[in-house]
Amino acid sequence: MLPGVSQARKKDNSIYYRAGITCQGKHISLGSYPREAEAGQAYQDAGRILNDPAITLEHLPSFLTSLPFDKCVSLINFRDNRMYFKNPIYLKSKYFLYYLSPQEELKFDVDDLFYYSSHKLMRRGGHYFVSEYGMQTNILSRYGIKNFAVPGRDYQFVNGDPSDFRYSNLLVINPYYGVTRITQKGIVCYQTKLHIRGSHVIGVYETQELAAIAYNKAVDLAWKHGITKNYTTNYLTELSHREYAELYTQVTVSPRFLEYLTSRH
């Protein structure tokens, strides 16, 4: 058997080959292959990466075809930083890179290292997800950004780089459901909308908190009038129950919205 290769059998009793390499007391699995020669080549290529600092992520030799790119990232990081991650992570001095492909890398704070070393990142459209408890979780939720949030309107990347998910680079503009920051006559205010077979303006308010409470009130009124849509309401942790109740009583909603609700019957 070639160095670094072991033979195994599938449930149907067919043979395949596993490749692995041990470096600095750490055994690293390199994957499974249908032929012994392919597994042996993976072992040879892994050895080249671990022993040659000239092989970098920016200049991966074309002959390293036996190993997937993700595994190359893990090996190069282990060689340079003495830490092995199954996910394609490369450590920098104050942050780390997560590679989705050779051309696409995301930046994260080291505070998130444990999370992303144990959660596989995926991309669908323009959104990034991890699989968690059998569900796909949008990574923006870790920053208090809602799933429906629109970049530039509800949040923004401070340095203009949408691949930089460091906390200092993400500015949340609208943290509440149904609330949008607008400017009227040069004054910043907050507009609340609720969607019921179309978008209904609930009102315009001086603060985000009032706008968020108005949204909750509009949802309650909608439910009271028989609308069964499963809305998610806003949770304002900074207010006591008494403070919330007082503002809820005081905040007004658009007469047009009330007319729409009553006209449905």
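A residue is called buried here when its relative accessible area is under 20%, exposed when that area is over 50%, and partly exposed in between, with a 1.4 Å probe and protein chains only. The structure is a predicted model, in which local features need pLDDT of at least 70 and side-chain atom pairs count only at pLDDT 80 or more, while totals for chains, interfaces and linings use all residues. Residues are numbered from 1 along each chain as its sequence is written, and side-chain values use heavy atoms, with hydrogens and water left out.

The protein chain holds six helices and 14 strands, where helices (H or I, at least four residues) and strands (E, at least two) are DSSP runs numbered from the N terminus. Its radius of gyration, taken over C-alpha atoms, is 26 Å, well over the 18 Å that the globule rule (2.2 Å times the number of residues to the power 0.38) gives for 265 residues, so the chain is more spread out than a compact globule. Along the principal axes, the C-alpha trace spans about 80 × 45 × 35 Å. Of the 265 residues, 43% count as buried, and the accessible surface, computed by the Shrake-Rupley method with a 1.4 Å probe, comes to about 15,500 Å², of which 51% belongs to carbon and sulfur atoms. If contact is taken as heavy atoms within 4.5 Å, then among contacts between residues at least 6 apart in sequence, 39% join residues at least 24 apart.

One element to follow is an open sheet of three strands in the order β1-β2-β3, with antiparallel pairing; two strands pair if DSSP finds at least two bridges between them. Its edge strands, each pairing on one side only, are β1 (5-9) and β3 (26-33), and the twist from one strand to the next averages 30°. Strand β2 (residues 15-23) is joined to β1 in the antiparallel sense over five bridges, and S6 has R18 in β2 as its bridge partner. Across β1, β2 and β3 lies helix α1 (residues 36-51), which runs at about 15° to β2; axes are lines fitted to C-alpha atoms, for helices over the stretch in contact, and angles run from 0 to 180 degrees between N-to-C directions. Helix α2 also packs on the sheet, where it touches β2 and β3, and its direction makes about 165° with that of β3.

Turning to side chains, a salt bridge is a side-chain nitrogen of Lys or Arg within 4 Å of a carboxyl oxygen of Asp or Glu, and by this rule the count comes to 10. One of them joins D70 and K120, at 2.9 Å from N to O. Because D70 lies in helix α2 (residues 69-81) and K120 in the loop between α3 (113-118) and β7 (121-124), this pair ties together parts that are 50 residues apart in sequence. D70, at 26% relative accessibility, is partly exposed, and K120 is likewise partly exposed at 38%.

Another salt bridge links E104 and R123, whose closest N and O atoms are 2.5 Å apart. Since E104 belongs to strand β6 (residues 104-109) and R123 to strand β7, the pair ties together parts that are 19 residues apart in sequence. E104 is buried, with a relative accessible area of 19%, whereas R123 is partly exposed at 47%.

A further salt bridge, between E246 and R242, has an N to O distance of 3.5 Å. These two residues are four apart in helix α5 (residues 241-250), and are thus separated by about one helical turn. E246 counts as partly exposed at 40% relative accessibility, while R242, at 65%, counts as exposed.
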